[in-house]
Amino acid sequence: MVSNYFFRLKVAPAVTSCAARFCSSGSEDQSSYQCANWKHILAGLLAGTGAVLVYSQHRHKAERADVSVTITEKGSLLPVFSQDEVTKHRSLEDGVWVTYKGGVYDITEFVAMHPGGNKILLAAGGALEPFWALYAVHDQEHVLEILSEYKVGELCEEDLKKQQASKPSDPFSSDPERHPVLQVNTLKPFNAEPPPEILSDSYITPSAFFFKRNHLPVPQLDQASYRLQVEGLPQGVLSLSLEDLKTKFPKHTVTVTLQCAGNRRGDMNKVKPVKGLNWGVAAIGNAKWSGARLRDVLLAAGFEPGVAQWARHVQFEGLDKDVTGTSYGASIPLNKAIGEEGDVLLAYEMNGEDIPRDHGYPVRVVVPGVVGARNVKWLGKIVVSAEESSSHWQQQDYKGFAPGTDWNQVDFESAPAIQELPVQSAITVPADGAVIHHSDETLTVAGYAWSGGGREVIRVDVSLDGGKTWQVAQLRSGDKGQAPEPSPPPGRAWAWKLWEITAPLPPEAEELEIICKAVDSSYNVQPDTVPPIWNLRGLLSNAWHRVTVRLRRD
């Protein structure tokens, strides 16, 4: 057993003269391992992604300098800092420090190497508690253990008392109630999906069962005082109330499927762990959205052909905010926003009723054919701009990378933001691992299929023998026994297709590997396996979907 060793710490020259305390330490190997891994966990901690981080795959050697402190089996004498001293460390030049429960931690090296560093700097010089209240998924024992290895000192007792007196309240205390059938990924912020079989029960997904993807607490907004600001056009700012949207612009209804970029991330996690919520196949839903067309509102705000000479993007900013006042934001290309066939809505109704709070009440933008991350909820501001949104979620997240790219080399500036999504399908019935009796003689397989960019799904192929033979499923654009929705114009197929096939059970089989794959109107087809499309964020997971069922004879 190592009785003592030395490690280097970044400590400012000015140290408050207060009584110090002892802190315990583990072995040197464990210390370097934990220090390295803490860097990756902190990414999700402060970046606002709400991700469940897989930290054990990423190891970095950290070297600290300036002041040596002796560590013994009994503990370490650490300096005590005032809050003023901690606050001075808010940049890479001065060092990045944070506090947590009276401890002072230096996270400079992590911020410098991580692509979400600019977002993380929002916590620099202050306390972690408000951020953990917001991103509660990271307030876990193993995270705290790793954080302890980044400790450089203690907060002065007087300042600690001030922090404790201003303990943050739970920012999620006013979130709406949710249906108990939802399968929860995280509670704070709330992210959940329905059981897969519910999706194929109904062509239109009821709002209660529609997947919930929140990055921040759900805001409480009053429709009477609600205002939507439209900026960036020559005639100045246009401010619209909810009543303005309902009375001054024609109401349009469009059936649109929304899918999270992380849908089916669980399949990628089986190949190699990724960073993100472990979604199954149900982070997708289909609804009727009603509201004013974004095109109409932009024209009313002064959009004219000359604007397209300099503008390239339309930015959206939500009214959901983190502890620093930063809102969720995203943007889409100008031609999608202003095009007559873009069908982008400023929606105030979902399935014929006011949009529920979890889905953006009172107004959200619905961008057909585009990744869910750009469909900003609780919409507060629209900006016509030459630049993309500067939001973390536009610049440092929701981008795709090659399978060989890891967190040591990822460059978010090198990849475009995800907009249109690739062709997708999944099996919702039967469930993976289900037991089927031979006496049933036949097996019904059902699911959904969809493609981004308005490309219509034209075929779904299903195999009951692991891909050796294939059958074509029946597609439908409506509920059984009801008239299907009219065929969409070419390039404007915004809604999914439900599909189903009933096939005889192989007489001698004891197990079936069932596979589905979809083909869209551009003859794009899903890739057969996950490894070639694996990426470190687990996005765009659309390989053939597979479930295995067992056959019983008793």
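**Exercise 1. Strand β15**

How many of the 8 residues of strand β15 (residues 252-259) are buried, and what follows for the strand?

*Solution.* The model is predicted. Start with the count: 6 of the 8 residues of β15 are buried. The strand is therefore largely enclosed by the rest of the structure. Next, look for its partner. Strand β16 (residues 284-293) runs antiparallel to β15, and 8 bridges join the two. One position fixes the register: T257 stands opposite N286 in β16.

**Exercise 2. Overall make-up and confidence**

Summarise the protein chain, then decide where its coordinates call for caution.

*Solution.* Begin with the secondary structure: the protein chain has 13 helices and 31 strands. Of its 554 residues, 55% count as buried. Now take the contacts with a separation of 6 or more: 74% of them come from residues 24 or more positions apart.

Turn to confidence. The mean pLDDT of the chain is 85, and 81% of the residues reach 70 or more. Residues 1-75 are below 50, though this stretch has 182 contacts in the model beyond near neighbours in sequence. Where pLDDT is low, the predicted coordinates should not be read in detail.

**Exercise 3. The lysine at 212**

Is K212 buried or exposed, and what is the nearest side chain of opposite charge?

*Solution.* Locate the residue first: K212 lies in strand β12 (residues 212-213). K212 is buried. The nearest side chain of opposite charge is D358, 5.2 Å away. A salt bridge needs a distance within 4 Å. K212 has no salt bridge.

Then check backbone oxygens. The K212 side chain reaches that of F210 at 2.9 Å. It also reaches that of A208 at 3.0 Å.

Finish with the surroundings. Leaving out residues up to four places away in sequence, K212 touches L182, F190, N191, A192, S207, W279, D358 and H359.

**Exercise 4. Three prolines**

Place P171, P189 and P430 in their loops, and identify the cis peptide bonds at P189 and P430.

*Solution.* Take P171 first. P171 sits in the loop between α7 (157-165) and β10 (183-186). Its relative accessible area is 26%, so P171 is partly exposed. Its C-alpha atom is 8.9 Å from that of L216, 45 residues apart along the chain.

Next, P189. This residue belongs to the loop between β10 and β11 (191-193). The peptide bond from K188 to P189 is cis, with omega near -5 degrees.

Last, P430. Its loop runs between β23 (424-429) and β24 (435-437). V429 and P430 are joined by a cis peptide bond, with omega about 0 degrees.

For context, most peptide bonds are trans.

**Exercise 5. Two positive phi values**

Which relative accessibility goes with R264, and which with E441?

*Solution.* Recall the background: most residues other than glycine have a negative phi. R264 is not a glycine, yet its phi is positive, about 70 degrees. The phi of E441 is also positive, near 70 degrees.

Now locate each residue. R264 is in the loop between β15 and α10 (265-271). E441 is in the loop between β24 and β25 (442-450).

Then read the accessibility. R264 has 1% relative accessibility, so it counts as buried. E441 has a relative accessible area of 58%, so it is exposed.

**Exercise 6. Strand β26 and its partners**

Which residues stand opposite D461 in β30 and β27?

*Solution.* Start with burial: 5 of the 7 residues of strand β26 (residues 457-463) are buried, so the strand is largely enclosed by the rest of the structure. Next, count bridges. β26 and strand β30 (residues 511-520) run antiparallel, joined by 6 bridges. With strand β27 (residues 471-472), β26 pairs in the antiparallel sense over 2 bridges. Now read off D461. Opposite it stand K517 in β30 and V472 in β27.

**Exercise 7. An open sheet**

What is the strand order in the open sheet of 5 strands, and which strands stand at the edges?

*Solution.* Write down the order: β5-β9-β8-β7-β6, with mixed pairing. The edges are β5 (80-81) and β6 (90-91). Each has a single partner strand, so one side of each is left without a neighbour in the sheet.

Move to one pair inside the order. Strand β8 (residues 103-106) pairs with strand β9 (residues 151-155) in the antiparallel sense, over 3 bridges. The bridge partner of G103 in β9 is E154.

How values were computed:
Residues are numbered from 1 along each chain as its sequence is written. This is a predicted model: local features need pLDDT of at least 70, side-chain atom pairs count only at pLDDT 80 or more; totals for chains, interfaces and linings use all residues. Side-chain values use heavy atoms; hydrogens and water are left out. pLDDT is the predictor's confidence in each residue, from 0 to 100. Contact means heavy atoms within 4.5 Å. Helices (H or I, at least four residues) and strands (E, at least two) are DSSP runs, numbered from the N terminus. Buried means under 20% relative accessible area, exposed over 50%, partly exposed in between (1.4 Å probe, protein chains only). Lys and Arg count as positive and Asp and Glu as negative; His and the chain ends are not counted. A polar contact is a pair of N or O atoms within 3.5 Å; within protein, one must be able to donate a hydrogen and the other to accept it, and residues adjacent in sequence count only if both atoms are side-chain atoms. Two strands pair if DSSP finds at least two bridges between them.
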